[in-house]
Amino acid sequence: MLAKRIVPCLDVRHGKVVKGVNFEGVKDVGDPVACAAEYNRQGADEIVFYDIVASHEGRGTFLDVVRETARQVFVPLTVGGGISTVEDMRETLRAGADKISINSAAVRNPQLISDGAEIFGSQCVVVGIDAKRDGNGGYTVYANGGRIDMKVDLLKWVEEVERRGAGEICLNSIDTDGVRGGFDLEMLKAVCARVRIPVIASGGAGKLEDFATVFQQTDATAALAASLFHFGVLTIPQVKADCRSKGIPMR
Amino acid sequence: MIAVIDYGAGNLFSVCNALRFLNIAHEVTKDADTINRADAVILPGVGAFPAAMESLHATGLVDTVRENAAKKPLLGICLGMQMLFDKSNENGDCAGLSLIPGEVRRIPSQRVIIPHMGWNELVITQDCKLLDDIEKPVYTYFVHSYQAFCDDSSIIAYADYDGKIPALVTDGKYVFGAQFHPEKSGEKGLRMLRNFERIAR
């Protein structure tokens, strides 16, 4: 039986790990390669690197981090931030990423999903989505790290993402991100009901039980968290032990 | 020295990263002499079956790989494992290396997500030196949409995904195949690569 995955995310800026709360108030902590190696040691099922600056000039430094991590971490690596062309995908995969994650660029140019899936295979194309309640009972998709409302309906968007050949969706709820009150179960249920590709839950994990809850109450196949693991509030073994004790298959 | 066959497979570098990390001597090669003097051979692979067989044929190494498989350990990984069988019907019928009897077809279940992607547990049905000193449960990382159909005698371990998916296979002699990615399966996957090098000694 396929195990549910626990995925720590490392936000990287100028070659250092950071974590923003609701994408604001970023503070600098730690060497990304060392953090990734530590998560690997703790039993992370996958590691996500996210280039939050995503500037053209900083690209080389960021890819060096990916390259160095791939030399010493032997679980799948997903890399996102600043990927807006097929060439960006190619160089990120060449640096050692197993999957690339596209977000704003995919909303602006959905063809990028199709091209990536066609050239590199669906399994390495993750579409990251930042979404928020629209106040009318629906959800809308945001770009640029949650700053720009793209006026795109979330549920229509996830269907298109799947149709275009994405291998996975990483769904981040802006409403719950950084609040530590638990994953956005409602939004996840709505998305999981629309697609058959795996959905990774992101945004809102605050306590131990939040992980088991998201697996028990939604069809999410993985749960992602950043600050919780990064600041040592919880460790990956603690989360896995709790899930396992509730009958959720874990590696 | 382990020869890692270079025919443009996508996971070549991650396989080499793992071998380098383990300090296992290896050479990435498309040279028949290098393969002939190697102690063992790794056939990596990611992507579609016919394209990969075509690339392997283009290197002119098909016969070399088959000859070496009869006298030294060979490990096929992911698509490299599928290529060990007689044929695949991915994008039309295509002949494989016929080192293990069986064929490759799409995962038949309608009830599960395809591709089979993520960590799944190995159900071990045969002793194998590749699994020496690896504590159960053994979860490994899979990413694939096609699977092998072969005799139980060829299966060392399978994964349960609404059906039996051959995960670790052998010809009973020198040929081994892993449907999962040992180079992406954490400590236990690295241990299997280490064990493969031991078999080669």
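In the predicted model, strand β7 (residues 103-106) of chain B is joined to β10(B) by 4 bridges in the antiparallel sense. Within this pairing, R106(B) has Y146(B) of β10(B) as its bridge partner. Both strands belong to an open sheet of 4 strands, ordered β6-β5-β7-β10 in chain B, in which the pairing is mixed. The edges of this sheet are occupied by β6 (94-95) and β10 (146-149) of chain B; each has a single partner strand, so one side of each lacks a neighbour in the sheet.

A second open sheet of chain B consists of 9 strands in the order β2-β1-β3-β4-β13-β12-β11-β8-β9, again with mixed pairing. Its edge strands are β2 (26-29) and β9 of chain B, each of which pairs on one side only. From one strand to the next, the twist averages 30°. Within this sheet, strand β4 (residues 74-77) and strand β13 (residues 175-178) of chain B run parallel and are connected by 4 bridges. I77(B) is matched there with A178(B) of β13(B) as its bridge partner. Helix α4 (residues 62-69) of chain B packs on the sheet and touches β1 (2-5), β3 (40-43), β4 and β13 of chain B. The direction of helix α4 makes about 130° with that of β3(B).

The loop between β7 and β8 of chain B contains P115(B). With 19 other C-beta atoms within 10 Å, P115(B) falls below the 20 required for a buried residue and is therefore classed as partly exposed. Although P115(B) and S145(B) are 30 residues apart in sequence, their C-alpha atoms are 4.4 Å apart in space. When neighbours within four places in sequence are left aside, the contacts of P115(B) are V143(B), H144(B) and S145(B), together with Q123(A) of chain A.

The contact between the two chains takes 20 residues from chain A and 23 residues from chain B. On the side of chain B that touches chain A, at least two residues each are supplied by α1 (12-21), β8 (116-124), β9 (139-144) and α6 (186-200) of chain B. By residue class, this side of chain B comprises 12 nonpolar, 7 polar and 4 charged residues. Two of the contributing elements, β8 and β9 of chain B, are also strands of the 9-stranded sheet, and β9 of chain B is one of its edge strands.

Key:
Residues numbered from 1 in each chain as written. Chains lettered and ligands numbered in written order. Predicted model: local features only at pLDDT ≥ 70, side-chain atom pairs only at ≥ 80, totals over all residues. Contact = placed C-beta atoms within 7 Å. Nonpolar A, V, L, I, M, F, W, Y, C, P; charged D, E, K, R; others polar. Pairing = 2+ DSSP bridges. Buried ≥ 20, exposed ≤ 12 C-beta atoms within 10 Å, placed from the backbone. Axes fitted to C-alpha atoms, helices over the stretch in contact; angles between N-to-C directions.
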